[in-house]
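Student: Please walk me through one part in close detail: what surrounds the ligand? I'd like the backbone context too.

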Amino acid sequence: MKNTLESITKIGIVPVITIEDTSKAIFLAKALVAGGIPCAEITFRTAQAAEAIREITSAVPEIIVGAGTVISIELAEQAVSAGAQFIVSPGFNPAVVDWCIEHGISVIPGVNNPTGVELGISKGLSLLKFFPAEVSGGIAMLDALAGPFPSISFMPTGGICPENLCDYIERKNVFAVGGSWMVKKDLIAREDWDSITKISQEAVLAIQTVRQKK
Ligand code: 3PG
């Protein structure tokens with residue numbers, strides 16, 4: 001469990017993916033790995049999510065695959081039995097968090113205010129998703145949360161893009177960012193794997209550059 005979160009921290013970026021067509025899942029995973037992002041969050045926003053996780057897990061073992069939009073224990077069970085190594089949710093569902101902790105599964109629940117952070121602390125978590133980041137105050141909110149919660153680190157997600165990526169990564173209370181800009185639906189639909197790899201490489205380079213100065 002700890003190793004998964006450490007690996008996500010090291011990679012620094014979690015692509016948020018919605019799969020409509022499972023035949024594209026393996027190509028997509030390989031494009032991300034080629035771009036230096038061996039990590040993928042497959043959202044349970046389509047019926048294909050579990051199958052996509054299963055396919056990627058077996059065909060591209062070097063990638064860390066997690067499940068996103070996990071808003072019930074039932075979805076968490078489906079995700080983990082398909083091979084998901086971590087669970088992400090948009091909000092803080094105590095039942096899902098408890099289930100993940102009991103089953104030794106890494107969980108990154110979403111919060112966007114001090115109450116959510118305290119809920120996370122009450123469950124022993126120190127890594128939380130900050131969602132939806134941009135419309136919840138963005139950088140200013142993260143800086144405000146750093147004062148009372150110095151031991152908590154966030155994965156801002158929602159509105160992160162190449163233009164604001166570095167500002168987020170610079171924060172000392174950010175362990176990774178999440179986002180969909182390198183895996184946009186249209187790129188996947190037209191199977192533009194080269195663009196996905198290129199956008200991923202650019203993001204990785206930007207993160208590495210900021211972290212060297214951090
Ligand atoms: C989402 O809700 O789809 C994720 O948080 C990603 O957000 P983004 O599309 O703004 O990157």
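Tutor: Happy to! Helices (H or I, at least four residues) and strands (E, at least two) are DSSP runs, numbered from the N terminus. This is a predicted model, in which local features need pLDDT of at least 70 and side-chain atom pairs count only at pLDDT 80 or more, while totals for chains, interfaces and linings use all residues. Residues are numbered from 1 along each chain as its sequence is written, and side-chain values use heavy atoms, with hydrogens and water left out.

Around the ligand you will find Val16, Arg45, Phe131, Thr157, Gly158, Gly159, Gly179 and Ser180, each with a heavy atom within 4 Å of it. By type, this shell holds two nonpolar residues, five polar and one charged (Asp, Glu, Lys and Arg count as charged; Ala, Val, Leu, Ile, Met, Phe, Trp, Tyr, Cys and Pro as nonpolar; the others, Gly among them, as polar).

Now for the polar contacts, pairs of N or O atoms within 3.5 Å. A polar side-chain atom of Ser180 comes to 2.6 Å from a ligand oxygen, and Arg45 also offers a polar side-chain atom, at 2.9 Å from an oxygen of the ligand. Gly159 takes part through a backbone N or O atom, 2.7 Å from a ligand oxygen. On its own the ligand has 310 Å² of accessible area, and the protein covers 77% of that (Shrake-Rupley method, 1.4 Å probe).

Phe131, one of the surrounding residues, leads us to the backbone. Its peptide bond to Pro132 is cis, with omega near -10 degrees. Pro132 belongs to the loop that links S7 and helix H7 (138–146).

Strand S7 (residues 127–130) runs parallel to S8, joined by four bridges; strands pair if DSSP finds at least two bridges between them. Across this pairing, Leu128 stands opposite Phe154 in S8. The wider picture is an open, parallel sheet of three strands in the order S6-S7-S8. Its edges are S6 (110–111) and S8 (153–156), each pairing on one side only.

How values were computed. Polar contact = N/O pair within 3.5 Å; in protein donor to acceptor, adjacent residues only side chain to side chain.
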